[in-house]
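Colleague: I would like to learn how to read a protein model step by step. Could we begin with the whole and then go on to one helix?

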Amino acid sequence: MSVATALEIGERYRRLRDEVGSAVTVVVATKYVSLEDMAVLDDAGVEVVGENRAQDLLAKHARFADRFRWHFIGHLQSNKVKVVNDVCELVHSLSSDSAARRLAIPALLEVNLAGEATKSGVEPVEIAGYLERYPFIRGLMTMPPLADDPEVSRPYFRRLRELASEHGLSELSMGTSQDYRVAVEEEATYVRVGEALFSP
Ligand SMILES: *Cc1c(COP(=O)(O)O)cnc(C)c1O
């Protein structure tokens with residue numbers, strides 16, 4: 001995709017950081033960003049990036065290893081866990097035992113709150129079992145159903161916060177370009193933003 005200039009992205013990134021405050025980590029979603037354009041993010045001052053595909057993660061990390069901190073935000077297949085272990089500091093999207101058994105870095109557990117068949121994520125009743133089995137889980141993540149109105153996401157974000165609190169977890173990864181403001185109001189500690197920074 002064509003991206004905005006480094007100057008524009010830098011300006012948007014600074015505004016976003018100011019808006020969400022220092023308690024929230026902005027994870028810049030890079031799935032639409034080409035290998036070459038990763039340099040633009042570096043120039044723009046971006047610190048933490050989130051990648052969806054293990055193969056892209058590997059290629060981008062090979063070239064820009066020390067420029068960013070690397071998170072994994074995509075569907076985590078068990079045969080790709082090794083790459084993620086080697087490169088990342090956090091997985092946002094853990095949702096299976098097969099991946100969890102091989103994971104060696106901290107993770108957030110993805111919860112499918114709307115019960116959407118097309119989405120990954122464990123059911124709320126499964127959270128306790130995962131926490132018992134995998135003490136490296138630090139918090140929860142969710143992707144609410146697509147909606148035009150960010151307020152539609154609020155009940156999902158609130159529910160995720162309640163579940164985290166019930167289980168004594170402090171980290172909450174929730175909110176994308178279109179609903180990160182609402183997510184921050186509901187006490188997100190990570191927002192994952194792409195589109196809003198890059199669109200020309
Ligand atoms: C792409 C993606 C995002 C960012 O979405 P935008 O609408 O581009 O802000 C966040 N989380 C996940 C899991 C993604 O795949």
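**From the whole to one helix**

Modeller: Let us start with burial, keeping in mind that this is a predicted model: a residue is called buried when its relative accessible area is under 20%, and of the 200 residues of the protein, 48% count as buried.

Colleague: How many helices and strands are there in the protein?

Modeller: The protein has nine helices and eight strands. Its radius of gyration is 16 Å, close to the 16 Å that the globule rule gives for 200 residues, so the protein is as compact as a globular protein of that length. Along the principal axes, the C-alpha trace spans about 45 × 35 × 30 Å.

Colleague: What does the protein expose, and how much of that do carbon and sulfur atoms supply?

Modeller: About 9,600 Å² is exposed, and carbon and sulfur atoms supply 48% of this area. As for charge, the mean positions of the 23 positive and 31 negative charges lie 4 Å apart.

Colleague: Now to a single helix: which residues of α3 are buried?

Modeller: In helix α3, which runs over residues 54-64, the buried residues are Ala54, Leu57, Lys60 and Phe64. They cover an arc of only 130° around the axis, which means that they sit on the same side of α3. Gln55 and Ala62, on the other side of α3, are exposed.

Colleague: What covers the buried residues of α3?

Modeller: Here one looks for contacts, that is, heavy atoms within 4.5 Å, and the cover includes the helices α2 (38-43) and α4 (81-87) together with the strands β2 (48-51) and β3 (69-72).

Key:
Residues are numbered from 1 along each chain as its sequence is written. This is a predicted model: local features need pLDDT of at least 70, side-chain atom pairs count only at pLDDT 80 or more; totals for chains, interfaces and linings use all residues. Side-chain values use heavy atoms; hydrogens and water are left out. Helices (H or I, at least four residues) and strands (E, at least two) are DSSP runs, numbered from the N terminus. The radius of gyration is taken over C-alpha atoms; the globule rule is 2.2 Å times the number of residues to the power 0.38. Buried means under 20% relative accessible area, exposed over 50%, partly exposed in between (1.4 Å probe, protein chains only). Accessible areas come from the Shrake-Rupley method with a 1.4 Å probe; for residues, only the protein chains shown count as cover. Lys and Arg count as positive and Asp and Glu as negative; His and the chain ends are not counted. The place of a charge is taken as NZ of Lys, CZ of Arg, CG of Asp or CD of Glu. The arc is that of the directions from the helix axis to the C-beta atoms.
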